[in-house]
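Trainee: Could you pick one part of this model and take me through it closely? I'd like to follow the whole story, so please keep it friendly.

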Amino acid sequence: MLNLRESLQGVKTAAILGHIRPDGDCIGSCLALYNYIETYFPEIQAKVYLQDFMPEFLMLTNADKIQHDIDEDVVYDVCFSLDSADKERHGEYVKYFDTAKKTIGIDHHISNQGFAEEHLIIPDASATAEIIYELIGKEQLTKEIAECIYLGMAHDTGVFQYSNASPKTFRAVADLLETGIDASRIVDETFYQKSYVQNQVLGKTLKESVLHLDGKVISGVVTMKDMEHYGVTPKALDGIVSQLRYTRGVEVAVFVYELAENCYKVSLRSNGKVNVSSIAGSLGGGGHVKAAGCEVSGTYEEIVEKLLKLISEQL
Ligand code: 5GP
Ligand code: MN
């Protein structure tokens with residue numbers, strides 16, 4: 001098993017990468033690792049590179065230090081790839097991965113083929129943040145590190161409700177709570193609370209959602225025009241697909257939003273009968289059995305039709 005302490009010996013510079021359109025687990029696991037390095041390896045110059053994210057995540061220690069811009073030609077001693085099933089998920093920051101002297105991948109996506117030199121991929125882990133907890137260990141947890149890990153795990157498990165939350169997950173949570181973190185504040189402020197307009201977009205999407213295949217599938221869409229109208233960007237749409245899935249009788253929820261003309265981001269959620277990871281995978285994306293995504297070109301109607309065909313083959 002990967003040993004963080006050993007992998008950081010002699011390292012002077014470290015880059016930490018997550019995935020494009022970073023979510024709670026991505027931000028939480030990257031910052032947990034960053035805060036661990038800052039605490040126990042202060043001599044290492046570390047940097048987290050992530051795309052822009054929602055301001056509520058700024059509650060995490062050092063979230064304000066996350067870099068969005070690309071630095072000129074820096075070659076890192078080590079580059080960590082977190083929560084990313086494939087290299088393309090790093091977006092433009094992939095250049096630090098490609099040039100680094102050593103690369104280490106830590107992930108929980110079953111579709112991750114192990115593209116880093118050294119890797120630790122645990123598909124049973126609820127979140128990448130749970131793996132980071134395993135690597136750091138209870139003794140070295142600080143409150144600041146625990147907050148990041150808790151946030152990551154809470155987001156990827158729907159606040160510990162999805163079936164990926166295992167007994168191991170809850171044992172980890174016990175250790176995290178013992179550091180004195182304010183767990184309810186973390187989930188309230190970063191998971192449940194939405195801005196007024198975010199709730200309006202959610203409401204509109206639910207109101208206009210459509211049932212298919214005898215009510216076993218539900219679909220919802222947000223267009224660029226909608227986002228312009230409400231003054232939101234895609235990162236404000238997190239959580240809509242889960243809300244769609246909470247419709248009784250539904251096996252699969254499909255949520256798509258427009259990235260560009262005839263180009264959509266697809267989010268899929270399943271109750272378990274349908275493996276959405278394989279559906280997203282067949283369209284160039286990936287994810288988990290019950291939560292997956294991809295980017296697809298075509299009109300909204302064409303995309304839904306394509307997805308319904310793939311879903312009905314499994315139902
Ligand atoms: P979401 O629907 O919340 O964007 O993503 C759900 C899950 O699918 C996450 O684990 C995420 O990493 C994965 N996922 C979403 N979009 C893509 C994609 O375009 N490519 C890959 N490989 N995975 C994705
Ligand atoms: Mn994750």
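Mentor: Let's go through the site of ligand 1 and its sheet, and then visit a second pair of strands and one helix. First, some housekeeping: this is a predicted model, with pLDDT of at least 70 needed for local features and 80 or more for side-chain atom pairs, while totals for chains, interfaces and linings use all residues. Residues are numbered from 1 along each chain as its sequence is written, chains are lettered from A and ligands numbered from 1 in the order they are written, and side-chain values use heavy atoms, without hydrogens or water.

So, who surrounds ligand 1? There are 14 residues around ligand 1, and those that come nearest are Arg89, His109, Lys265, Ser267 and Arg269; "near" here takes a heavy atom within 4 Å. By type, the shell splits into 3 nonpolar, 7 polar and 4 charged residues (Ala, Val, Leu, Ile, Met, Phe, Trp, Tyr, Cys and Pro are nonpolar; Asp, Glu, Lys and Arg are charged; the others, Gly among them, are polar).

Now zoom in on the polar contacts (N or O atoms within 3.5 Å of each other). A polar side-chain atom of Arg89 sits 3.1 Å from an oxygen atom of ligand 1. Asp86 also joins in, with a polar side-chain atom 3.5 Å from a nitrogen atom of the ligand. With Gly286 it's the backbone that takes part: one of its polar backbone atoms is 3.3 Å from a ligand nitrogen. Ligand 1 would expose 490 Å² on its own, and the protein buries 86% of that (areas by Shrake-Rupley, 1.4 Å probe).

Which strands help build that shell? E9, E10 and strand E11 (291-297) each give at least two residues, and E11 provides the largest share, with 4. Helices and strands here are DSSP runs, of at least four and at least two residues, numbered from the N terminus.

Those strands belong to an open sheet of 6, ordered E6-E7-E8-E9-E11-E10, with mixed pairing. Strand E6 (210-212) and strand E10 (286-287) are the edges, each pairing on one side only. (Two strands pair if DSSP finds at least two bridges between them.) Further in, strand E8 (residues 252-260) and strand E9 (residues 263-270) run antiparallel, joined by 8 bridges. Tyr257 faces Lys265 of E9 across that pairing, and Lys265 is also among the residues that come nearest to ligand 1.

For another kind of pairing, look at strand E1: E1 and strand E2 (residues 45-49) are parallel, with 5 bridges between them. In this pair, Ala15 stands opposite Lys47 of E2. Strand E1 (residues 13-17) is largely enclosed by the rest of the structure, because 5 of its 5 residues are buried (under 20% relative accessible area, with a 1.4 Å probe and protein chains only). Both of its faces are covered: Thr13, Ala15 and Leu17 are buried on one side, and Ala14 and Ile16 on the other.

Finally, try helix H4 (residues 128-136), which is mostly covered, with 8 of 9 residues buried. The buried residues in H4 include Glu130, Ile131, Tyr133 and Leu135. Right after H4 comes Gly137, with a positive phi near 85 degrees.

Terms used: Polar contact = N/O pair within 3.5 Å; in protein donor to acceptor, adjacent residues only side chain to side chain. Buried < 20%, exposed > 50% of the residue type's maximum accessible area, 1.4 Å probe, protein only.
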